Amino acid sequence: MTSNALTTVILAAGKGTRMKSRLPKVLHPIAGRPMLGHVLAAATGLDSARTVLVAGPGMDDVAEYARAVAANVSIAIQESQLGTGDAARAAAPQIADKDGVVLFVFGDTPLVRRETLAGMVERCRKESDIVILGFEAADPTGYGRIVSSGKEVNRIVEHKDASEEVRAIRLCFGGPMAVRAAHLPALLASLTNDNAQGEYYLTDFVAHGRASGLSCSAVICPESDIQGVNSRADLASAESVMQKRLRTVAMAGGVTFLDPETVYLSHDTSFGEDVTVGQNVVFAPGCRIASGATIKAFSHLEGADIGEGAEIGPFARIRPGTSVGRKARIGNFVETKKAKIEDGAKINHLSYIGDARVGAGANVGAGTITCNYDGYNKFFTDIGAGVFVGSNSSLVAPVKIGDGAYVGSGSVVTKDIAPDALAVARGKQFDKPGWAAAFRAKNEAAKQKKSSGE
Ligand code: UD1
Ligand code: CA
């Protein structure tokens, strides 16, 4: 390992009591991804030699998630939640490189930017023994206050331990702290729980480090980059910051939002240029929208690939496993799932297309349903290129409709249809001439008799 190696330690063992949730706090999602995922993405984007995740006993879901999404993560278990300093202590045995830098980051600050962390690490390597991340809080209640003289930070005082005078300070500690690994053993040994909460505070590293002659400085970022999530209200606030950020990036990349505030994106939503998105559209995770596509108002998309120049909605529900080809069109009240809609195909109104292929240029009429499920298994419907499916047809899978075939309206298709054939599978129409007139005459006469007679 090189002497400047970075170990990132993510603290995620806290109980998150204020969330009032069975789900560990760091797994609550922001923009469709657990908070921990955002932090891991920022941290593993650094030149970290390794990432240590501190989790509580029994938080297997947290450990599993981290291992699944990030390479080079090892898990440290903090046996009891005695504070952030104690969590750092739990990680210590896994910090192999004694000459490098250790960066502590909290799992409940999902908005933290990689560049900010990189700047802290850089400064820690070159200038300061300890570098903390600070921000001016609009309402500092609950945060640790940064007490400094000039550029030198002297201590961080937790809200509950702070005097009125210190509470008036609005410069707060955001969570990330970079420390030269060589000093870590002494700093850890110096921790006590002699404070208002009876906890071991990571924040005490600053005062203890200063007392033994170490230097400490703060990198400052906007509150919207580091606000912590302790409650559901904080979660909503972080979500809204993240949404704003994602929309800004999308617009910079060439997307028109007719009303940006009403469009919800996921962390991984990707857009080509000249995409237009109408009002009240939701992009759940896993969506890729190619150039020139239009997503009209009130559509909900998830796990979908939308091709160039395709048109979706209004009021479309595009579910996972859908791919929509170039210039294909999916209209109002259409639901698709695991469906390959090929180039130029049209499903314009009121349909369910699941476990299916719709070939290039096919036209699926209003009210067409793929009957893909028998209560136990799912079956595939294959609609060939250039097929015309008449309105209100049920396609009972497994079934294959050959290229260029026609399906008469109202058909219940249970057998394969040959290419270019016409299939009609419905009750035959029969006409009785004059029946309606006779029916009306009879009933009108009875009505007359009733009102004049009695
Ligand atoms: C902490 C800081 C505070 C700072 C704020 C920023 C301390 C003592 N206080 O307060 O100065 O302004 O964050 O958001 O550090 N955790 C563990 N084990 C524990 C306790 C916590 O792993 O025993 C983890 C939590 O999962 C969480 C993070 O550490 O991700 C922060 O813990 P939390 O209890 O939320 O600290 P705050 O009160 O917000
Ligand atoms: Ca917190």
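Start with helix 1 (residues 35-44): 8 of its 10 residues are buried, so this helix is largely enclosed by the rest of the structure. Buried here means under 20% relative accessible area, with exposed being over 50% and partly exposed in between (1.4 Å probe, protein chains only). The buried set in helix 1 runs Met35, Leu36, Gly37, His38, Val39, Leu40, Ala42 and Ala43.

A word on the ground rules. This is a predicted model, in which local features need pLDDT of at least 70 and side-chain atom pairs count only at pLDDT 80 or more, while totals for chains, interfaces and linings use all residues. Residues are numbered from 1 along each chain as its sequence is written, chains are lettered from A and ligands numbered from 1 in the order in which they are written, and side-chain values use heavy atoms, with hydrogens and water left out.

**The chain as a whole**

The chain holds 9 helices and 33 strands; these are DSSP runs numbered from the N terminus, helices being H or I with at least four residues and strands E with at least two. Its radius of gyration is 31 Å, well over the 22 Å that the globule rule gives for 454 residues, so the chain is more spread out than a compact globule. That radius is taken over C-alpha atoms, and the rule is 2.2 Å times the number of residues to the power 0.38. Along the principal axes, the C-alpha atoms fill a box of roughly 105 × 65 × 40 Å.

Of the 454 residues, 49% are buried. Among contacts with a separation of 6 or more, 44% link residues 24 or more positions apart, a contact being heavy atoms within 4.5 Å. The chain exposes about 21200 Å², and carbon and sulfur atoms supply 52% of that; the area comes from the Shrake-Rupley method with a 1.4 Å probe. As for charge, there are 50 positive and 48 negative ones, and their mean positions are 8 Å apart. Lys and Arg count as positive and Asp and Glu as negative, with His and the chain ends not counted; each charge is placed at NZ of Lys, CZ of Arg, CG of Asp or CD of Glu.

**The calcium site**

Asp108 (OD) and Asn230 (OD1) coordinate the calcium ion (ligand 2) at 2.2 to 2.4 Å. Asp108 sits in the loop between strand 6 (101-106) and helix 4 (114-126), and Asn230 in the loop between strand 11 (216-220) and helix 8 (232-252), so the pair ties together parts that are 122 residues apart in sequence. Both Asp108 and Asn230 are buried. Donors are N, O and S atoms within 2.8 Å of the metal (3.2 Å for Na, K and Ca), and water is not among the atoms, so sites may look incomplete.

**Backbone oddities**

Two cis peptide bonds turn up, one before Pro314 and one before Pro398.

| Cis bond | Omega | Loop holding the proline |
|---|---|---|
| Gly313 to Pro314 | near 0° | between strand 20 (311-312) and strand 21 (317-318) |
| Ala397 to Pro398 | near 0° | between strand 29 (394-396) and strand 30 (399-401) |

Then there are positive phi values outside glycine. Lys20 has phi of about 50° and belongs to the loop between strand 1 (6-11) and strand 2 (29-30). With 69% relative accessibility, Lys20 is exposed. Leu350 has phi near 50°, but its place is in strand 24 (residues 346-358). Its relative accessible area of 49% makes Leu350 partly exposed.

**Three buried residues and their contacts**

Thr381, in strand 27 (residues 381-383), is buried at 0% relative accessibility. Not counting residues up to four places away in sequence, Thr381 touches Asp355, Ala356, Arg357, Thr370, Leu395, Ala397 and Val399. Ala397 is also the residue that leads into the cis bond to Pro398.

Tyr200 lies in the loop between helix 6 (184-190) and helix 7 (204-211) and is buried at 19%. The C-alpha atoms of Tyr200 and Asp86 are 5.5 Å apart, with their positions 114 residues apart along the chain. Leaving aside neighbours within four places, contacts of Tyr200 include Leu82, Gly83, Thr84, Gly85, Asp86 and Arg89, as well as Leu191.

Thr262 is in the loop between strand 12 (255-257) and strand 13 (270-271), buried at 17% relative accessible area. Beyond its neighbours within four places in sequence, Thr262 contacts Gln279, Asn280 and Val281. The C-alpha atoms of Thr262 and Gln243 are separated by 9.9 Å, the two being 19 residues apart along the chain.
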